[in-house]
Amino acid sequence: MTKTVIENCKIIDGLGNASYPGTVSIAQNKIVKNESFDRAAADEIIDASGLTLMPGLIDVHCHSTFDEPSSNDELFFHRREGLAAIVAGQNVKKLLQAGVTGFVDPDGIFDVTIDLRDAIDAKIIEGPRMLCGGNALLTSVGGTAGRLIPDKGLRGYAKIVSTPEEIKTEVRRQIKNGVDWIKVHVTGLVPRQKGKGEIQAWSLEELKLVCDTAHELGVPVMGHCRNSQSIKDSVEAGMDMLLHATFMDEHALEKVVEKNIPLVPSFTFQANLADYGHRVGANEDLKEIFRKEIEESASMLKKAKTAGVPILCGSESGFSLTPYGEWHYRELEIFVSDLGFSNLDAIAAATGMCGIHAGFNGDTGVIADGKFADLILVDGDPSQDVRILKNKSNIKMVFVGGERVDLTPNRERNPISGWRVSEYSSKTLTQETSGD
Ligand SMILES: [Zn+2]
């Protein structure tokens, strides 16, 4: 049994408690209580002077199979199953390099999420501890990709279900194949409702059927919800976690508080677009919409937190605006700046709270006896400023299940044939713009 001692470090436990100086030991894949550990029996002693030991980050909203598309066209029509799996196997290493030792992938293309998780579990590839959904359930109204979503069948990450029979069959199919979560796209965009944001695309009865069918088989359900009614109905239907949960009114908040349903605001994508969109040629209208989503939703989420609702960090990594390994820390930063979290609370929202509330059974996300040794050693003290986690060179060591991870950066990739969608141009070439 391999035994490692990490000593002389500052320890952040992942539960929101103040940091303290101490020693942590690892035996095989678990953390061992200091007092019961014999230092002389250690195989390796790590002197971590000046460093902070904390649970690795858990990102509860990361799409590991998308490979950073810059459009829905690319995501839905230009990915191939086998190659997506191979590429995802490389991309998850970038999560480790950024200090992410666990993540939840809500939905993926084909069945790649399930295969990726099993390959990580089997140690065929190195990656963070992973839980996954399969294909997101959509009604024929669609989600956020408009007419790209067909009336039936599978497209990209979306499985369209219309009848109660189809709903039950699909939920059971996914569970048979091994998903940890069922994901429902409860709201979606409809063209003539423009300006009203996303609208609810499911009836309460349909949502109940999803939840009942999944729960009978012991699998939790999460919903993508971007308005009050969808939040109310999702809670009523029995959902176990809500992604976004934005534009919530008082009544929806009451329901969430009453059932204590974890929320994953996933503001990083919005904040990245609002703050840096101009640097990458993003659409100006979207910039406004996304900044507004954060501003308008912050007060309700603050109230939810005060009422004890678990608010979890999820970065929505996997798109061109949220590439793997770059922005996982940012949700913590936003929780501090926009939701009034302390640095320690933000860390707990990205570690211990996720371990408890995102399906990991409380086995990871904290530094405590008997938990998985999913740990990072950080140069500096994130409990003073979570932005220390932004700089990957501050992540000195990463352990997943007690095994130290290789942090060597991935090789530079060449373009993959037919993988990215090229745009003709980002502007229209009129005679005026031609400059002639
Ligand atoms: Zn998402």
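Guide: Let's start with a word we'll need: two helices are oblique when their angle is in none of the other classes, namely under 35 degrees (roughly parallel), over 145 (roughly antiparallel) or 65 to 115 (roughly perpendicular). The model in front of you is predicted, so local features need pLDDT of at least 70 and side-chain atom pairs count only at pLDDT 80 or more, while totals for chains, interfaces and linings use all residues. Residue numbers start from 1 along each chain as its sequence is written.

Visitor: Fine, so why are H8 and H9 called oblique to each other?

Guide: Helix H8 (residues 268-276) and helix H9 (residues 284-306) pack at about 130°, their axes 8 Å apart. An angle of about 130° fits none of the other classes, so H8 and H9 are oblique. Angles here run from 0 to 180 degrees between N-to-C directions, and axes are lines fitted to C-alpha atoms, for helices over the stretch in contact. The helices themselves are DSSP runs of H or I with at least four residues, strands are runs of E with at least two, and both are numbered from the N terminus.

Visitor: And which hand does the crossing of H8 and H9 have?

Guide: The crossing is left-handed, a label for a near helix turned anticlockwise from the far one by less than a right angle, with clockwise giving right-handed.

Visitor: What makes the contact of H8 with H9?

Guide: Gln270, Ala271, Leu273 and Ala274 come from H8, and Leu286, Lys287, Phe290, Arg291, Glu293 and Ile294 come from H9. "Contact" is for residues whose C-beta atoms, placed from the backbone, lie within 7 Å. By class that gives six nonpolar, one polar and three charged residues. Nonpolar covers Ala, Val, Leu, Ile, Met, Phe, Trp, Tyr, Cys and Pro; charged covers Asp, Glu, Lys and Arg; the others, Gly among them, are polar. Gln270 therefore goes down as polar.

Visitor: How do you know that H2 is oblique to H3?

Guide: The axes of helix H2 (residues 81-97) and helix H3 (residues 112-121) come within 10 Å and cross at roughly 45°. That value also falls among "the rest", which makes H2 oblique to H3. H2 passes H3 in a right-handed crossing. On the H2 side the contact uses Glu81, Ala84, Ala85, Ala88, Gly89 and Val92, and on the H3 side Val112, Asp115, Leu116, Ala119 and Ile120. Those split into eight nonpolar, one polar and two charged.

Visitor: Why does Gly127 count as buried?

Guide: Buried takes 20 or more other C-beta atoms within 10 Å of a residue's own, 12 or fewer is exposed, and in between is partly exposed, with C-beta atoms placed from the backbone. Gly127 has 28 C-beta neighbours inside 10 Å, so it counts as buried. Gly127 sits in the loop between H3 and strand S8 (129-132). Beyond its neighbours within four places in sequence, Gly127 touches Val92, Lys93, Leu96 and Ile120.

Visitor: What makes Asp107 buried?

Guide: Asp107 has 30 other C-beta atoms within 10 Å, which meets the cut-off, so buried it is. Asp107 is in the loop between strand S7 (100-105) and H3. Among its contacts outside four places in sequence are Gly133, Tyr157 and Lys183.

Visitor: Is Asn361 buried or exposed?

Guide: Exposed, because Asn361 has just 9 C-beta neighbours inside 10 Å. Asn361 lies in the loop between helix H12 (352-357) and strand S18 (375-379), and its phi is near 70°, a positive value in a residue other than glycine.

Visitor: Where does Asp67 lie, and why is Asp67 called buried?

Guide: Asp67 is in the loop between strand S6 (57-59) and helix H1 (72-77). With 25 other C-beta atoms within 10 Å, Asp67 is buried. The phi of Asp67 is positive too, near 60°.

Visitor: What about Ala252, and why does that one count as buried?

Guide: Ala252 is part of helix H7 (residues 250-259). Its 24 C-beta neighbours inside 10 Å meet the cut-off, so Ala252 counts as buried. Ser228, Ile231 and Lys232 are its contacts once neighbours within four places in sequence are left aside.

Technical notes: Two residues are in contact if their C-beta atoms, placed from the backbone, lie within 7 Å.
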